[in-house]
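Please look through the sequence and the model with the paragraphs below at hand, and find each residue in the picture as it is mentioned.

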Amino acid sequence: MITIREMPPEEADRIAEIDLSEDDDIVYYWINGRVEAVPEAWRRPRLDPTGWWERIAAVKADLAIGATLWGAFDDEKLIGVIVLRHCLPPVGAFLGQITAQLAALWVDRSYRRQGVARQLADTLIRAAQVSDAEWLYVSATPSRSAVGFYTSLGFLPTQNAHPELYALEPDDIHMIRPL
Ligand SMILES: CC(C)(COP(=O)(O)OP(=O)(O)OC[C@H]1O[C@@H](n2cnc3c(N)ncnc32)[C@H](O)[C@@H]1OP(=O)(O)O)[C@@H](O)C(=O)NCCC(=O)NCCS
């Protein structure tokens with residue numbers, strides 16, 4: 001049985017137990033003001049601790065400023081995680097509105113397409129909805145799985161990317177949905 005629970009920051013290193021490997025033959029790009037799928041083969045190998053280091057350090061930095069981490073477990077096995085950053089810095093087009101960020105979402109390869117990300121995202125959205133946030137933002141890997149998943153959740157691509165997040169991930173598809 002799959003269960004979801006909040007994970008304390010001390011457990012963040014367990015994220016490296018997740019098999020993040022993936023391959024596909026589609027990449028999304030902005031072309032003439034639209035997000036389009038372009039045939040392009042790519043492969044992400046299973047990450048070793050070094051490959052995870054930067055990602056887990058970013059999660060820990062978010063947790064240190066008040067973000068929340070949840071894990072999905074198959075009994076004791078960690079099979080997915082999601083991170084909610086409660087409020088993005090209010091700069092540029094984000095002035096005067098409270099925008100939460102789905103800051104990380106990773107599901108183990110052998111558990112994909114079983115609704116695990118959906119359960120994690122439902123948990124995050126419920127938590128964001130009881131805050132003052134009006135919008136939920138994600139900087140999505142330009143892959144079929146990530147863009148497909150966020151589209152299924154009601155996110156739409158935006159060209160009004162958050163300046164700090166765009167600087168970090170200019171090739172991502174930046175997406176937003178109301179809460
Ligand atoms: C993106 C990811 C989190 C989705 O997790 P998941 O548990 O497989 O997703 P779910 O089973 O909850 O999928 C829910 C819906 O999302 C959409 N979706 C999920 N994977 C998809 C894919 N590969 N292609 C198209 N749509 C997809 C579908 O609409 C799906 O519903 P359906 O299975 O009934 O058709 C997972 O593929 C993953 O961890 N990928 C690698 C890391 C990554 O890219 N994370 C996002 C970074 S921003």
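Around the ligand there are 23 residues, and those that come nearest are Leu105, Val107, Arg113, Gly115 and Arg118. Since this is a predicted model, the distances that follow are computed from predicted positions. Where does the backbone come close to oxygen atoms of the ligand? A backbone N or O atom of valine 107 lies 2.9 Å from a ligand oxygen atom, while glycine 115 places a backbone N or O atom 2.8 Å from an oxygen atom of the ligand, and for glutamine 114 the corresponding distance is 3.2 Å. Taken alone, the ligand would expose 910 Å², of which the protein buries 77%.

Valine 107, one of the residues that come nearest to the ligand, also leads to another part of the chain, for it is among the residues touched by aspartate 19. Aspartate 19 is found in the loop that runs between β1 (2-6) and β2 (22-31). Is this loop residue buried or exposed? With a relative accessible area of 12%, aspartate 19 falls under the 20% limit and therefore counts as buried. Leaving aside residues up to four places away in sequence, aspartate 19 touches Arg46, Val107, Asp108, Arg109 and Arg112.

The next stop is helix α1, which covers residues 49-64. Why does the separation of its ends agree with its number of residues? At 1.5 Å a residue, the 16 residues of α1 should span 22 Å, and because the end C-alpha atoms are 21 Å apart, the two values agree. Along the way, α1 bends by about 30° at arginine 55. Within this helix, Trp52, Ile56, Val59, Asp62 and Leu63 are buried, and what covers the buried residues includes the strands β4 (68-74), β5 (77-85) and β6 (99-107). Just after α1, glycine 66 takes a positive phi of about 105°.

The last residue to find is threonine 123, which lies in helix α2 (residues 116-129). Its relative accessible area is 15%, which is under 20%, so threonine 123 is buried as well. The side chain of threonine 123 reaches the backbone oxygen of glutamine 119 at 3.0 Å. When residues up to four places away in sequence are not counted, threonine 123 touches Ile4 and Trp70, and of these Trp70 belongs to β4 (68-74), one of the strands that help to cover the buried residues of α1.

Conventions: Residues numbered from 1 in each chain as written. Predicted model: local features only at pLDDT ≥ 70, side-chain atom pairs only at ≥ 80, totals over all residues. Heavy atoms only, no water. Helix = DSSP H or I, 4+ residues; strand = E, 2+ residues; numbered from the N terminus. Expected span 1.5 Å × (residues − 1). Bend = angle between axes of the 7 residues up to and from the residue. Buried < 20%, exposed > 50% of the residue type's maximum accessible area, 1.4 Å probe, protein only. Contact = heavy atoms within 4.5 Å. Near = heavy atom within 4 Å. Polar contact = N/O pair within 3.5 Å; in protein donor to acceptor, adjacent residues only side chain to side chain. Areas by Shrake-Rupley, 256 points an atom, 1.4 Å probe, with all protein chains shown as cover.
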